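Hello,

Here is the structure we talked about handing over. Please open it first, then read the notes below.

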Amino acid sequence: YRERLTKTIQKIITIPAALQQVTNPVPRCAHPEWLQRLVKRENDSHQQVKISDMFGALKKGQKNKAVFGEIKVGNVAVSPLP
């Protein structure tokens with residue numbers, strides 16, 4: 001009986017709370033292992049950044065604001081196009 005009650009509490013309370021980054025509201029019912037791994041993976045500070053998160057499309061009429069400065073080639077300084 002206790003095992004069935006624990007699984008029901010997990011389904012209704014603890015699993016949704018963990019997926020919303022809330023600490024376990026019912027400490028007597030431990031999170032399942034798969035959920036602990038999932039939460040640990042989401043909160044990992046050493047996670048690699050996706051390259052698609054670094055770049056994005058510009059909106060219509062918006063100009064690129066990146067400024068790279070001058071590039072020196074030999075004795076000639078070349079500045080980027082405006």
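**How the two helices pack**

H1 and H2 are roughly parallel to each other. Their axes come within 10 Å and cross at roughly 20°. An angle under 35 degrees counts as roughly parallel, so the label applies here. The crossing of H1 past H2 is left-handed. In general, two packed helices are described by the angle between their axes and the distance between the axes.

Please keep in mind that this is a predicted model.

Which residues meet where the two helices come together? From H1, they are Thr14, Ile15, Ala18 and Leu19. From H2, they are Trp34, Leu35, Leu38 and Val39. Helix H2 covers residues 33–42. Helix H1 covers residues 2–19.

**The chain as a whole**

The chain has 82 residues, and 11% of them count as buried. It holds 3 helices and 2 strands. Along the sequence the order is α-α-α-β-β. About 8200 Å² of the chain is exposed. Carbon and sulfur atoms supply 57% of that area.

How much of the contact set links residues 24 or more positions apart? Among contacts with a separation of 6 or more, the share is 0%.

**Threonine 14 and leucine 35**

These two residues sit on opposite sides of the H1 and H2 pairing. Threonine 14 belongs to helix H1, and leucine 35 belongs to helix H2. Are they buried or exposed? Threonine 14 is buried, at 0% relative accessibility. Leucine 35 is buried too, with a relative accessible area of 0%. The cut-off for buried is under 20%.

The two are 21 residues apart along the chain. Their C-alpha atoms are separated by 9.8 Å.

Now their contacts, leaving aside neighbours within four places in sequence. Threonine 14 touches Ile9, Asn24, Val26, Cys29, His31 and Leu35. Leucine 35 touches Thr14, Ile15, Ala18 and Leu19. Each therefore appears in the contact list of the other.

**Glutamine 10 and glutamine 21**

Glutamine 10 is in helix H1. Its relative accessibility is 13%, and it counts as buried. Beyond its neighbours within four places in sequence, glutamine 10 is in contact with Ile15, Pro16, Ala30, His31 and Pro32.

Glutamine 21 lies in the loop between H1 and H2. Its phi is positive, about 60°, although it is not a glycine. Most residues other than glycine have a negative phi. Please look at this one in the viewer.

**The salt bridge**

How many salt bridges does the count give? The count comes to 1. It joins the side chains of glutamate 3 and lysine 7, at 3.9 Å from N to O. The cut-off is 4 Å.

Where do the two partners lie? Both are in helix H1, 4 residues apart, which means that about one helical turn separates them. Glutamate 3 is exposed, with a relative accessible area of 56%. Lysine 7 counts as partly exposed, at 44% relative accessibility.

**In short**

H1 and H2 are roughly parallel, with a left-handed crossing. Threonine 14 is buried in H1, and leucine 35 is buried in H2. Glutamate 3 and lysine 7 form a salt bridge. Glutamine 21 has a positive phi.

Best wishes

Terms used. Residues are numbered from 1 along each chain as its sequence is written. This is a predicted model: local features need pLDDT of at least 70, side-chain atom pairs count only at pLDDT 80 or more; totals for chains, interfaces and linings use all residues. Side-chain values use heavy atoms; hydrogens and water are left out. Buried means under 20% relative accessible area, exposed over 50%, partly exposed in between (1.4 Å probe, protein chains only). Contact means heavy atoms within 4.5 Å. Accessible areas come from the Shrake-Rupley method with a 1.4 Å probe; for residues, only the protein chains shown count as cover. Axes are lines fitted to C-alpha atoms, for helices over the stretch in contact, and angles run from 0 to 180 degrees between N-to-C directions. Angles under 35 degrees count as roughly parallel, over 145 as roughly antiparallel, 65 to 115 as roughly perpendicular and the rest as oblique. A crossing is left-handed if the near helix is turned anticlockwise from the far one by less than a right angle, and right-handed if clockwise.
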